[in-house]
Structure formats: C-alpha cells, structure tokens
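Here is a short briefing on one protein chain. Look at the sequence and the 3D view, then read on.

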Amino acid sequence: PNRLPCPALTTAASRPGEASLRRFYSSEVDLETHIRRRHADVCRGVNTPRSMNASACVAADRGFVALERSTRVVPARRVGSATRTASRRSTRRTEVSVTNKAVAAEPSSMSIRTFVLDDLDAVARVEILKRPRVDFTSILGTVAPIVDAVASRGDAAVVEFTEKFDNVDLGDSVVVKVSDLPDPVLDDETKAAFDVAYANITAFHVAQRNTGDVDVETMPGVRCRRVSRPIGAVGLYVPGGTAVLPSTALMLAIPAKIAGCKTIVLATPPAKDGSVVPEVLYVAKKAGVTHILRAGGAQAIAAMGHGTQTCPKVDKIFGPGNQFVTAAKMMLQNSEAMCAIDMPAGPSEVLVMADAGADPTHVAADLLSQAEHGPDSQVVLVVTPDVDLEAITSAVATQAAALPRSEITAKALSHSYAVVVKDLAAACAFSNEYAPEHLIVNVENAESLLCDLDNAGSIFLGRYTPESVGDYASGTNHVLPTYGYSRMYSGVSLDSFIKYMTVQELTKEGLEALGPSVARMAQVEGLDAHRLAVTLRLGME
C-alpha cells in the first residue's frame with residue numbers, strides 16, 4: 001500500500017496506543033503482515049461497511065504509522081561518528097557491518113533516504129524500485145485538444161499556443177529554413193567546445209554505419225540480404241524550458257545527417273524575442289538541419305507529426321521533453337498521423353554504484369548533476385557496507401545548497417534514496433532490477449563488472465567518468481530510455497534513423513531445391529495460392 005492514503009490520517013505524533021495491536025500477535029512478522037493487508041483493505045473499502053469506513057481507516061492508519069515509524073531511515077549525518085549501520089524493524093534490531101548508522105527518519109530537503117537492502121522484505125524492495133509517478137491520464141486530457149487543434153488548423157494553432165504558453169508572438173514565421181538564417185554570434189571558447197563534441201559524436205556514430213547490412217546464401221541458389229535506408233523525414237525536439245539544451249541538438253542532428261535523412265526538422269522553444277537560441281542554431285547549421293520550428297511543447301510535436309502549412313510532416317520524432325511533450329509523442333504514434341517515436345520517456349535519472357575508494361565529493365556531484373535536471377528526476381546511490389555514507393550525504397547537502405537550481409534539486413532529492421548492499425554482485429543485481437537511464441560505476445576495476453550489467457541506457461565506468469561527459473561530448477548519445485525502459489529499449493543511435501529491408505533472390509536451381517518444402521508448408525496451412533505460386537514455376541501442376 002502507498003504511504004498515507006486515507007483522508008482520516010493525522011500526524012504520527014497524535015496517534016494513541018500504537019502498541020495496542022501487538023498483544024494479539026505472537027511475532028513481528030505476523031503483525032506487520034496484518035497491518036499492511038488491513039490498511040490496504042480498509043482504504044479500498046474491502047469488507048468494510050460504508051458507515052464504518054472512516055473509523056476503520058483511522059484504526060488501520062494507527063497500525064500502519066506504528067509500522068512505518070519502526071522502519072524509517074535516519075540520515076547518516078545525524079548519527080555522528082557511529083561505527084556501524086543498524087537497521088530497526090519494530091522492536092527487532094539487525095546490525096550490519098557498515099561505516100555509518102544509515103537507517104530511520106525523513107531526510108532534510110538536501111539529503112536522501114537510506115535503506116539496507118537485506119532488511120527490506122519483498123514488498124518494500126518492489127516499492128523502492130518504482131519511479132515518481134506520472135499521471136498521464138490528466139496530462140493526456142490537456143494535450144489532446146492541443147494536438148487536435150494543430151492537426152486541423154496548422155500554423156495558426158501553433159502561433160496561438162506559443163503565445164499562450166510561452167508569451168511569444170511568432171507572427172507568420174512559424175518555420176524557418178536554416179539556410180536562410182544568418183550565422184549566430186558565439187565566442188570562440190563556446191564554438192571550440194561544441195566543435196569538440198561534434199567531432200566525437202560524429203566519430204562514434206560514423207563507426208555504426210553498415211553494421212546491420214547482411215548478405216547470406218542460406219542454401220545453394222538462395223540469397224538473402226538486409227539493406228538499410230535512411231528515414232526520409234525526421235523531427236528533432238530540443239527542449240528549452242527550465243534549461244536550454246543545444247547538446248540535444250548535437251545528439252539528434254548528427255546521426256540524422258550521417259544516416260542521410262533528407263528532411264530534418266528541429267523544434268525548439270523560441271527566446272522571448274522569437275529568435276532561436278544561438279548555440280542551437282550553431283549546431284543546426286553545422287549538423288545539416290533543414291528546418292527550424294520555433295515552438296516547443298505539445299504544439300511542436302503535433303506540428304511535426306501532422307505537418308502544417310509551413311512545417312514538413314515527419315515520419316519519426318526524436319528527443320526528450322517534459323510530460324506534455326511525452327504525452328503528445330505517445331498520442332501521435334497511436335494515431336492516424338502515421339508517425340513513429342524514438343522511445344517512451346519519463347523523468348531523467350541516474351544510479352551511482354560506489355565502493356569505499358570512491359571520492360564522496362565526486363559521488364555527490366554525480367548524483368546532483370542528474371537531480372538538477374528537474375523536480376521529477378530521481379537519483380539512486382548503491383553502496384557497499386564499507387562506504388562512508390555520512391561523507392557522501394554531507395557533500396550532497398553542501399553542494400546542493402550552492403547550486404543555482406537548488407530548489408529544483410531539493411525536490412528531486414525528496415524522492416531519491418541510497419541503498420546499502422552486501423557486495424558489488426548485489427549492487428549489479430539491484431541495478432539490473434532498477435534499469436536506470438544512466439549508470440555510473442565508480443568502483444575499483446569497474447570494467448570487470450560490465451559483463452554482469454544488463455539493463456541501462458548508458459554506462460559510465462571508473463573513477464574518472466562522470467555522467468556529464470556522456471551528456472555532452474564523449475561521443476555516445478544522451479537520448480536514452482528512462483523509467484525502467486532500458487530493460488527493452490536502447491538509446492538513440494545511428495540505427496534509430498535507419499530502416500532495414502530484407503531482400504531475397506533465388507536461382508532456378510535454388511527454387512527447385514527449396515520449392516517443395518515451401519509448397520508442403522503452404523498446404524499444411526491451407527493457403528493454396530501460396531502453394532501454386534511455387535508449384536506452377538516448377539511445373540508441378
């Protein structure tokens with residue numbers, strides 16, 4: 001059950017008789033099971049008369065709060081120089097050989113909760129793997145009218161919603177051709193930085209060319225091939241809400257150019273004067289973008305998916321965005337727009353694995369570099385028992401308070417946490433269950449763990465590989481599956497902008513050898529025309 005679901009709940013301090021249920025149960029396990037089940041039942045109205053539901057909720061909440069108070073986590077920094085981690089579950093104490101006492105109470109706004117994995121039951125382990133919930137039902141209700149309006153009214157609807165949401169009047173220039181825009185004015189240092197990133201990203205994605213093409217003779221006279229072709233028109237969404245992200249323009253435009261996409265539309269929210277952010281324009285010109293749609297949000301996604309008077313319709317849309325952008329992408333791929341998307345997306349996230357040799361300030365910085373993305377981001381720290389958690393949590397609090405985006409960071413930390421595991425094998429297992437977007441492996445001999453890591457969008461191995469390098473300039477792509485989707489989705493790559501066709505070619509001898517098997521299989525399935533297409537060629541009829 002979720003914490004605090006009943007309207008009758010009051011503060012834990014006002015609960016009388018928290019131990020009243022204990023005398024009816026012989027063990028802590030029986031008590032905990034009863035409390036959790038009964039709490040879920042009464043809050044759903046199961047086996048509870050309507051007139052008694054509020055009272056039942058109060059009673060269940062009392063037991064539930066007692067249980068929750070006995071299993072909370074204390075921030076390590078409040079413990080001082082304790083030399084062990086002690087987990088408390090009800091009246092039972094389990095001591096673990098960890099540097100700091102890492103268990104029991106709500107964190108401050110700049111700290112994170114801590115759990116000892118071996119002390120969590122099966123239900124609790126499932127709960128901590130869950131991401132911050134995104135209510136797409138209500139969001140889709142907001143997005144649907146926007147998508148429909150753009151589909152029916154085109155540019156006029158884009159102008160209307162851009163003025164409404166961004167306070168920018170686009171006038172008649174919703175879409176501009178990149179070739180018609182003057183070169184942006186940037187300082188040399190900024191240009192040099194983006195040029196380095198451009199070179200590295202290009203090198204990594206060029207190396208992916210032609211790796212999927214296949215040419216095989218499966219049997220004498222039977223040739224089977226797979227050939228690649230670029231997707232004709234693609235839409236690239238570059239966010240510009242709480243932060244301008246020209247790096248995303250690099251990550252999307254470069255592989256689109258290498259793949260050979262003929263039409264590349266880049267959508268990005270305009271500045272207040274209606275202009276395109278100079279860094280984004282610099283990348284667009286360098287990477288071969290053909291059109292810039294000066295709009296963001298659901299209206300931009302709808303314009304690319306359906307096409308407007310000035311915006312070319314695209315076949316596939318790429319790029320991260322907020323919940324409204326994600327909802328619009330999801331709607332388009334299931335509509336008559338006939339438009340694919342790169343992958344499902346949720347809030348950004350990172351999981352950091354650290355051992356005793358990891359520098360606490362580095363670990364804290366890695367966690368915060370993701371937490372500052374947005375209030376719904378989540379960061380997870382997985383450590384072995386010998387790690388100094390107090391030093392890490394202290395560094396998190398100190399660094400977070402000094403960040404320009406500290407308010408956003410604090411909200412992200414409120415639903416983030418740390419997990420103490422018994423060893424690095426357990427850390428890998430937990431990471432695979434969580435399936436993070438970004439996975440930082442800050443441990444000794446990190447390379448040795450790679451074979452045990454199965455689910456992650458992008459992995460950062462070793463002491464000197466912060467996530468930031470992948471976000472900007474190492475060469476890998478930073479558009480990655482989030483929300484646990486790395487179990488079944490890959491990040492954006494050159495293949496994302498390519499489609500594959502299979503080709504088969506048979507000689508007369510090849511059909512003579514293969515045809516009888518095909519004819520017999522068609523007969524088994526009752527598809528006589530399939531059989532005849534073979535037997536007529538072979539003179540068998």
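The points below go from the whole chain to single residues.

This is a predicted model. The chain has 541 residues, and 47% of them are buried. It holds 17 helices and 17 strands.

**The chain as a whole**

- The accessible surface comes to about 25500 Å². Carbon and sulfur atoms account for 54% of that surface.
- Take the contacts in the chain with a separation of 6 or more. Of these, 73% join residues that lie 24 or more positions apart.

**Salt bridges**

- Side chains of opposite charge can pair when their charged atoms come close.
- How many salt bridges are there? The count comes to 15.
- One of them joins Asp183 and Lys285, with the closest N and O atoms 3.6 Å apart. Asp183 lies in the loop between strand 4 (175-177) and helix 6 (188-206), and Lys285 lies in helix 8 (residues 278-286), so the pair ties together parts that are 102 residues apart in sequence.
- Is Asp183 buried or exposed? Asp183 is exposed, with a relative accessible area of 61%. Lys285 is partly exposed, at 27%.
- Another salt bridge joins Glu444 and Arg463, and here the closest N and O atoms are 3.5 Å apart. This pair links distant parts of the chain, 19 residues apart. Glu444 sits in the loop between strand 15 (438-442) and strand 16 (458-461). Arg463 sits in the loop between strand 16 and helix 15 (467-472).
- Glu444 is exposed, with a relative accessible area of 57%. Arg463 counts as partly exposed, at 25% relative accessibility.
- Arg531 and Glu541 also meet through their side chains, at 2.6 Å from N to O. Arg531 lies in helix 17 (residues 528-535) and Glu541 in the segment after that helix, so the pair ties together parts that are ten residues apart in sequence.
- Arg531 counts as buried, because its relative accessibility is 17% and the cut-off for buried is under 20%. Glu541 is exposed, with a relative accessible area of 55%.
- Some salt bridges form a network. Asp215, Arg223, Arg225 and Glu505 are linked in this way.

**Cavities**

- Rolling a probe the size of a water molecule over the atoms shows where empty space is left.
- How many cavities of 30 Å³ or more are there? The count comes to two.
- The second largest cavity has a volume of about 40 Å³.
- Which residues line the second largest cavity? Gln208, Arg209, Asn210, Thr211 and Gly212 are among them. Ser228 is also part of the lining. So are Leu494, Asp495, Ile498 and Tyr500.
- By class, this lining has three nonpolar, five polar and two charged residues.

**Gln208, a residue of that lining**

- Gln208 is one of the residues that line the second largest cavity. Gln208 is found in the loop between helix 6 and strand 5 (214-219).
- Gln208 is buried, with a relative accessible area of 18%.
- Leaving aside neighbours within four places in sequence, Gln208 is in contact with Ser493 and Leu494. Leu494 is in the cavity lining too.

**Gly484, a loop residue**

- Where is Gly484? Gly484 lies in the loop between helix 15 and strand 17 (498-506).
- Gly484 is buried, with a relative accessible area of 3%.
- Gly484 and Gly346 are 138 residues apart in sequence. In space, their C-alpha atoms are 9.0 Å apart.
- Which residues does Gly484 contact, leaving aside its neighbours within four places in sequence? They are Arg131, Glu349, Tyr434 and Ala435.

**Leu514, a helix residue**

- Leu514 has its place in helix 16 (residues 508-524).
- Leu514 is partly exposed, with a relative accessible area of 27%.
- Leu514 touches Met219, Val222 and Leu506, not counting residues up to four places away in sequence.
- Leu514 and Val534 are 20 residues apart along the chain. Their C-alpha atoms are separated by 9.5 Å.

Methods
Residues numbered from 1 in each chain as written. Predicted model: local features only at pLDDT ≥ 70, side-chain atom pairs only at ≥ 80, totals over all residues. Heavy atoms only, no water. 1 Å grid on protein atoms, 1.4 Å probe; cavity = no way out; pocket = protein on both sides within 12 Å on 5 of 7 lines; lining within 4 Å. Points joined across faces, edges and corners; volume = space filled by probe spheres on them. Nonpolar A, V, L, I, M, F, W, Y, C, P; charged D, E, K, R; others polar. Helix = DSSP H or I, 4+ residues; strand = E, 2+ residues; numbered from the N terminus. Buried < 20%, exposed > 50% of the residue type's maximum accessible area, 1.4 Å probe, protein only. Contact = heavy atoms within 4.5 Å. Areas by Shrake-Rupley, 256 points an atom, 1.4 Å probe, with all protein chains shown as cover. Salt bridge = Lys/Arg side-chain N within 4 Å of Asp/Glu carboxyl O.
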